[in-house]
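Subject: Structure handover

Hello,

I am passing this structure on to you. Please open it first, then read the notes below it.

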Amino acid sequence: LKHTGKDSNSNTWTDPALTGDQHVDSARADALAHELSQVHIESVLGSTPQPQWQQDHPVLTLKIKNGDNHDVDWILSKPTSGDYYVLKSSLHPWFFSLASSQGKSLIDAGDRDRLIVAGKRPSLSASS
């Protein structure tokens, strides 16, 4: 997803991979951006991946462009035991623990089936 910025008439998110009448639900994309900005790390788990963290079977993967226009990959996985999620960012060598509730919020906000919708894009009209 790419945010094309705000102007006087729109707040638009786009995805170049979309075809036909598919488009990004901007309200849901805004909610995902908000969830990402509120991530709170519970602890640092170390820099060596553990099989029980299941990073090879992520529940959510995101590719985000940072302020320098570089891609940053985030991988969120659910360990085989424990009430937490494991987050790995390509910006850091460490694996992080997130509270279960926060992991679930990220998963819900990042659900592509909810972010991408089909049909006519809602028209934006300036109110007078």
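Here is what was found, from the whole chain down to single residues.

**Overall**

Please keep in mind that this is a predicted model. The protein has 128 residues, and 29% of them count as buried. It contains three helices and nine strands. Starting at the N terminus, the order of elements is β-β-β-α-β-β-β-β-β-α-α-β.

Take the contacts with a separation of 6 or more: 52% of them are made by residues 24 or more positions apart. The accessible surface is about 8,200 Å². Carbon and sulfur atoms hold 50% of that surface.

**The cavity**

Rolling a probe the size of a water molecule over the atoms shows where empty space is left. How many cavities of 30 Å³ or more does a search of the whole structure find? The search finds one. Its volume is about 30 Å³.

Eight names to look up here: Leu60, Thr61, Leu62, Trp74, Ile75, Leu76, Leu87 and Leu106 line the cavity. Strands β5 (60-65) and β6 (71-77) are the elements that give two or more residues to this lining. Seven of the lining residues are nonpolar and one is polar. No charged residue takes part in the lining.

**Aromatic pairs**

The structure holds two aromatic pairs. A pair of aromatic rings is described by the distance of the centres and the angle of the planes.

One pair is Trp53 with Phe95. Their ring centres are 5.1 Å apart and their planes are at 45°, so this pair is tilted. Where do the two residues sit? Trp53 is in the loop between β4 and β5, while Phe95 is in strand β8 (residues 95-99). The pair therefore ties together parts that are 42 residues apart in sequence. Both Trp53 and Phe95 are buried.

The other pair is Trp94 with Phe96, and this one is edge-to-face. The distance is 6.4 Å centre to centre, with 65° between the planes. Are these two residues buried or exposed? Trp94 is partly exposed, with a relative accessible area of 39%. Phe96 has 10% relative accessibility, so Phe96 counts as buried. The cut-off for buried is under 20%.

**Gly46**

Next, a glycine. Gly46 is in strand β4 (residues 43-46). Its relative accessible area is 24%, so Gly46 is partly exposed. Which residues does Gly46 touch, leaving out those up to four places away in sequence? They are Pro93, Trp94 and Phe95. Trp94 and Phe95 are also members of the aromatic pairs above. Along the chain, Gly46 and Pro93 are 47 residues apart. In space, their C-alpha atoms are separated by 8.3 Å.

**Gln54**

Last, a backbone point. Phi of Gln54 is near 60°. That is a positive value in a residue other than glycine. Gln54 belongs to the loop between β4 and β5, and Trp53 lies in that loop too. With a relative accessible area of 24%, Gln54 is partly exposed.

**Where to look**

To get your bearings, try this order:

- Start with the cavity lining, including Leu60 and Trp74.
- Go on to the tilted pair of Trp53 and Phe95.
- Then view the edge-to-face pair of Trp94 and Phe96.
- Finish at Gly46 and its contact with Pro93.

Best wishes

Methods: Residues numbered from 1 in each chain as written. Predicted model: local features only at pLDDT ≥ 70, side-chain atom pairs only at ≥ 80, totals over all residues. Heavy atoms only, no water. 1 Å grid on protein atoms, 1.4 Å probe; cavity = no way out; pocket = protein on both sides within 12 Å on 5 of 7 lines; lining within 4 Å. Points joined across faces, edges and corners; volume = space filled by probe spheres on them. Helix = DSSP H or I, 4+ residues; strand = E, 2+ residues; numbered from the N terminus. Nonpolar A, V, L, I, M, F, W, Y, C, P; charged D, E, K, R; others polar. Buried < 20%, exposed > 50% of the residue type's maximum accessible area, 1.4 Å probe, protein only. Contact = heavy atoms within 4.5 Å. Areas by Shrake-Rupley, 256 points an atom, 1.4 Å probe, with all protein chains shown as cover. Phe/Tyr/Trp six-rings, centres within 6.5 Å; stacked < 30°, edge-to-face > 60°.
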